[in-house]
Amino acid sequence: FIPKGWWHSIKGVGKGITGSIYPSSFLDTNQDGWGDIKGITSKLDYLKSLGVNVVWISPIYKSPQKDMGYDIADYKAIDKRYGTIEDVDELIVELKSRDMKLMMDLVVNHTSDEHEWFLSSRSSRDSEKRDWYIWKPPSGYDDDGSPIPPNNWSQILGEANSAWTYDSSTQEFYLSLFTPEQPDLNWENPDVRAAVHDVMCFWLEHGACGYRMDVINLISKDQRFLDAPLALGQDKKYHPGGKYYVNGPKMHEYLREIHDKVLIKYDAITVGEMPVVSDINEIIKTVGRNSGELNMIFIFDLVSIDDVPDQVRMTLQPWGVKDIRRIVDKWQRAMLDHDGWNSVFCENHDSPRSVSRYTDDSDQYRDKGAKLLALMQTTLSGTLFVYQGEELGMRNVPRNWDIEKEYKDIESINFWKKSKALYGGNPKRLAEERKVLEKKSRDHARTPMQWSAEPNAGFCAKDILPWMRVNDDYHEVNVEKQMAHESEDDLSVWQYWQRGLANRQEHKDVFVYGDYQTVGAESDDVFAYVRTGSDAGKWLVVLNFSGKEVEWDLPLDIRIKGWMAGNYQKGKPEKAVMGKVQLKPWEGILGNCM
Ligand code: TEU
Ligand code: CA
């Protein structure tokens with residue numbers, strides 16, 4: 001029996017349990033209110049005890065931090081806020097001694113506008129680096145003489161603005177898809193690609209195991225630079241231009257070049273961030289067994305579940321358990337049927353907290369909701385990514401926080417600026433906009449990690465102001481409390497994750513590599529599936545994604561040997577083994593089948 005994705009098992013990718021670290025909010029060790037590399041190193045035992053064996057750290061390179069380090073000014077230097085290159089060396093030594101790996105963040109769709117490549121590029125039209133970025137003349141001039149951008153594409157982190165930024169000294173626009181401080185590199189230029197390869201080799205030589213590759217599917221732009229289709233029902237000046245740069249014409253060519261010139265030499269592990277695209281064939285070209293591109297990607301369907309289709313991320317649409325089922329089923333089956341590999345995640349630094357988003361974060365149900373999501377993620381195929389604080393069931397920030405004072409993210413700031421400009425005189429409409437932020441802002445994931453009930457949640461010293469406010473609930477929700485939690489009949493969320501991860505590693509043939517089948521697809525409340533492996537047999541996962549008590553019919557062809565775990569008790573759940581199963585609100589159970 002050769003499990004699907006066996007080549008990933010040889011390489012160890014399948015066994016990967018990745019802890020996603022947002023360094024500024026992880027742990028501050030030098031009293032400046034900003035998390036640092038030494039903070040990460042000091043918590044490796046913590047991560048290891050949870051079950052993590054790979055650490056992905058969001059960018060720690062030199063950066064003006066306009067987009068929290070996703071605007072890099074020097075790829076080979078560490079930002080002073082985070083520490084030094086010696087700190088990275090120490091981190092790698094400490095990781096290796098624990099049999100853990102370091103995954104760096106590679107942000108090469110764009111640089112910071114303070115990167116020397118860009119400073120040179122913008123210095124004159126004749127600069128030898130002019131062509132390293134994407135420069136175009138104005139498409140015309142307004143009545144008042146102001147230049148009109150080359151096309152109508154909107155900026156991703158500020159939808160009211162153009163994706164093009166005018167440079168008055170050389171009188172041309174440069175493309176800056178995310179913010180004006182993040183100019184897009186011109187991947188058509190082979191020198192740019194060679195420079196990226198060189199950066200990649202640098203950190204792999206240094207001891208990194210591989211890369212999480214930021215918006216890697218945006219690197220190839222359709223060179224016609226045509227206008228984007230107008231977003232429906234929107235009376236806007238600029239529109240999402242994804243059609244012309246998401247999985248663009250030469251993306252696969254560029255990825256294969258990276259693979260052949262860099263990855264293969266180091267046997268590096270890669271996960272490409274690929275928002276928007278959700279076409280199976282297109283994705284298999286990248287992560288299929290013989291693709292020669294990447295090991296896996298982040299597919300965005302689950303974290304875009306509440307986005308209005310074909311519009312920007314900061315929108316809201318209703319969704320239900322049928323959507324979760326459709327999305328999970330689609331990708332679990334796709335990878336099995338086409339021999340591809342995938343990542344599993346519900347959270348990252350760009351998404352609201354999963355317990356608030358997919359379940360119920362009230363005091364009554366937060367614990368159950370967080371465990372429900374843990375049960376789901378630890379029983380699905382792929383390389384698992386657990387985002388800091390997810391293992392505690394950390395919540396979104398409270399609704400009563402002052403947006404203008406507490407929200408720090410450039411996307412939130414631009415969104416709120418736009419909302420006030422457009423709807424300042426319309427309190428009802430403005431309240432709707434506020435609701436979008438309260439539900440979806442990236443700030444929710446970025447509050448400091450909650451280590452203890454000490455002031456500032458133990459993230460930094462008590463007399464220091466953390467760069468971002470600590471969530472008010474840290475007295476209740478914190479590492480110290482959850483690791484110490486002792487109770488006859490219950491586990492903390494942290495302990496539940498720990499046990500789930502251990503169970504997953506123990507039964508890799510089922511939960512990591514096994515077959516996947518959705519069952520009971522007619523239910524409006526329950527999402528359920530069967531995992532089948534080579535030696536540990538067949539397992540049924542039943543997840544009540546509703547706040548109601550639900551009666552669920554066991555499929556006729558499934559016989560339960562025993563219910564082994566659930567999120568309502570420490571031991572084995574007492575449930576019917578045939579016929580109808582009664583489920584409490586947000587209850588999840590795991591059964592061993594005959
Ligand atoms: O995110 C890219 C991305 O497309 C989204 O997750 C993004 O947050 C969303 O589309 C905004 O509406 C990556 C990084 O993860 C993010 O933090 C950076 O801001 C972005 O790239 C630019 O580097
Ligand atoms: Ca610090």
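**A walk through the predicted model**

F225 sits in the loop that runs between strand 13 (210-213) and helix 7 (251-266). In this predicted model, the phi angle of F225 is near 50°, a positive value in a residue other than glycine. F225 is partly exposed, because 17 other C-beta atoms lie within 10 Å, a count that falls short of the 20 needed for a buried residue and exceeds the 12 allowed for an exposed one. A second residue with a positive phi is Q31, where the angle is near 55°, and Q31 again is not a glycine. The place of Q31 is the loop between strand 1 and helix 2 (37-41). Q31 counts as exposed, since it has 10 C-beta neighbours inside 10 Å.

Stepping back to the protein chain as a whole, the secondary structure amounts to 17 helices and 24 strands. Along the principal axes, the C-alpha atoms fill a box of roughly 75 × 60 × 50 Å. The radius of gyration is 24 Å, which agrees with the value near 25 Å for a compact globule of 594 residues. Of these 594 residues, 50% count as buried. Sequence-distant contacts are well represented: among contacts between residues at least 6 apart in sequence, 67% join residues at least 24 apart.

The protein chain is divided into three parts, namely domain 1 (6-109 + 190-233 + 246-397), domain 2 (116-175) and domain 3 (514-593). Between the C-alpha centres of domain 2 and domain 3 there is a separation of 56 Å.

Turning to the strands, an open sheet is built from 8 of them in the order 15-14-13-5-2-1-17-16, with parallel pairing. At its edges are strand 15 (296-298) and strand 16 (343-344), each of which pairs on one side only. Inside this order, strand 1 (residues 17-21) runs parallel to strand 17, and 4 bridges join the two. One residue pair can be picked out here: T18 has F385 in strand 17 as its bridge partner.

Strand 17 (383-387) also helps to locate R395, which is found in the loop between this strand and helix 12 (403-406). R395 is buried, because 25 other C-beta atoms lie within 10 Å, and the cut-off for burial is 20 or more. Beyond the neighbours within four places in sequence, R395 is in contact with R353, V355, S356, D361, R366, N471 and D473. For D473, which is 78 residues away along the chain, the C-alpha atom lies 8.3 Å from that of R395.

Another buried loop residue is L185, with 23 other C-beta atoms within 10 Å. L185 belongs to the loop between strand 12 (172-175) and helix 6 (190-206). When neighbours within four places in sequence are left aside, the contacts of L185 are V108, N109, H110, T111, W132, Y133 and V192. G51 is 134 residues from L185 along the chain, and the C-alpha atoms of the two are separated by 38 Å.

Finally, which residues come nearest to ligand 1? Of the 15 residues around the ligand, these are Y70, F178, P275, R313 and D350. By side-chain class, the shell around ligand 1 divides into 7 nonpolar, 1 polar and 7 charged residues.

Terms used:
Residues are numbered from 1 along each chain as its sequence is written. Chains are lettered from A and ligands numbered from 1 in the order in which they are written. This is a predicted model: local features need pLDDT of at least 70, side-chain atom pairs count only at pLDDT 80 or more; totals for chains, interfaces and linings use all residues. Helices (H or I, at least four residues) and strands (E, at least two) are DSSP runs, numbered from the N terminus. The radius of gyration is taken over C-alpha atoms; the globule rule is 2.2 Å times the number of residues to the power 0.38. Two residues are in contact if their C-beta atoms, placed from the backbone, lie within 7 Å. A residue is near a molecule or strand if its C-beta atom, placed from the backbone, lies within 6 Å of it. Ala, Val, Leu, Ile, Met, Phe, Trp, Tyr, Cys and Pro count as nonpolar, Asp, Glu, Lys and Arg as charged, and the others, Gly among them, as polar. Two strands pair if DSSP finds at least two bridges between them. Domain bounds come from an automatic or database domain assignment.
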